[in-house]
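Here is a short round of questions on how labels follow from values. Each answer sets a value against its cut-off and concludes.

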Amino acid sequence: MYNMTFEELSGDYSQERMDSVAKALEEVLASALPQGCITVGVYEAAKSLNVDPDNVVLCILATDDDEVKDVALQIHFTLIQAFCCENDINILRVNNTRRLAEMLGGGGKQSGGEPMDLHCVLVTSPHSTSWKDPALTKVNRFCRESRCMDQWVPIINLPER
């Protein structure tokens, strides 16, 4: 009989946990989108953060493997991360912009056919209500637990469908 090591068990748990958080993130986006609570794009996100940071409930930074070495993008990310940390806004990093585009209900194209800037996505709270979403609570708990382990910007793998 084969006994699993602690590392193997925690790795399985960790992957299961990541899958669970990715599913919760998908639920958050699906819930926020029809309410108009999504801001897409680095520049648009920066404007929104400047105007009303207290309304932002989650910041998602997205890159694909080929964009990791884009210095300008990393500078934008660093500035956004610093602002979010200073304003107690939870941050997640995702590694699949194509899957993120699918989660946001499209192929990543704007109405004019231009590609969307999916590098930064903000989820805001509807002004009319206090948003109590179990999926958002799960994502926020994951971010909080990650910070307790000194991982200030946890990375989520968004699996293809």
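A contact here means heavy atoms within 4.5 Å. The model is predicted.

Q: Among contacts in the protein chain between residues at least 6 apart in sequence, what share joins residues at least 24 apart?
A: The share is 80%.

Q: What makes up the secondary structure of the protein chain, and in which order do the elements run?
A: There are five helices and five strands. From the N terminus on, the order is α-β-α-β-α-β-α-β-α-β.

Q: How much of the protein chain is buried, and how much area does the chain expose?
A: Buried residues account for 42% of the 161 residues. The chain exposes about 9500 Å², and carbon and sulfur atoms supply 53% of that area.

Q: How do you know how many disulfides there are?
A: A search of the whole structure finds zero. Take Cys-143: the nearest cysteine sulfur belongs to Cys-59 and is 9.9 Å away. The cut-off is 2.5 Å, so a pair of sulfur atoms 9.9 Å apart does not count as a disulfide.

Q: Why is Cys-143 called buried or exposed?
A: Its relative accessible area is 1%. Buried means under 20%, so Cys-143 is buried.

Q: What about Cys-148: buried or exposed?
A: Cys-148 has a relative accessible area of 68%. Exposed means over 50%, so Cys-148 is exposed.

Q: Why is the pair Glu-27 and Lys-23 called a salt bridge?
A: The closest N and O atoms are 3.3 Å apart. The limit is 4 Å, so the pair qualifies. Glu-27 and Lys-23 are four residues apart in helix H1 (residues 6–32), so about one helical turn separates them.

Q: What makes Glu-27 partly exposed?
A: Glu-27 has a relative accessible area of 39%. That value lies between the 20% and 50% cut-offs, so Glu-27 is partly exposed.

Q: Why do Arg-99 and Glu-26 count as a salt bridge?
A: Their N to O distance is 3.0 Å. That is within 4 Å, so the pair counts. Arg-99 lies in helix H4 (residues 97–103) and Glu-26 in helix H1, so this pair ties together parts that are 73 residues apart in sequence.

Q: How do you know whether Arg-99 and Glu-26 are buried or exposed?
A: Arg-99 has 5% relative accessibility. Glu-26 has a relative accessible area of 19%. Both values are under 20%, so both residues are buried.

Q: What links Glu-26, Arg-99 and Glu-102?
A: A network of salt bridges links them. Glu-102 and Arg-99 meet at 3.1 Å, N to O. These two residues both lie in helix H4, three residues apart, about one turn of the helix. Glu-102 is at 37% relative accessibility, so it counts as partly exposed. The count of salt bridges comes to three.

Q: Which residues make the nonpolar surface patch, and how big is it?
A: Val-71, Ile-75 and Leu-79 make the patch, which covers about 310 Å². Val-71 lies in helix H3 (residues 71–86).

Q: What makes Val-71 eligible for such a patch by its accessible area?
A: Val-71 has a relative accessible area of 56%. A patch residue needs over 30%, so Val-71 passes. The value is also over 50%, so Val-71 is called exposed.

Notes: Residues are numbered from 1 along each chain as its sequence is written. This is a predicted model: local features need pLDDT of at least 70, side-chain atom pairs count only at pLDDT 80 or more; totals for chains, interfaces and linings use all residues. Side-chain values use heavy atoms; hydrogens and water are left out. Patches are made of residues with over 30% relative accessible area and no salt bridge: like charges are joined within 9 Å, nonpolar side chains (Val, Leu, Ile, Met, Phe, Trp, Tyr) within 5 Å. Accessible areas come from the Shrake-Rupley method with a 1.4 Å probe; for residues, only the protein chains shown count as cover. A salt bridge is a side-chain nitrogen of Lys or Arg within 4 Å of a carboxyl oxygen of Asp or Glu. Buried means under 20% relative accessible area, exposed over 50%, partly exposed in between (1.4 Å probe, protein chains only).
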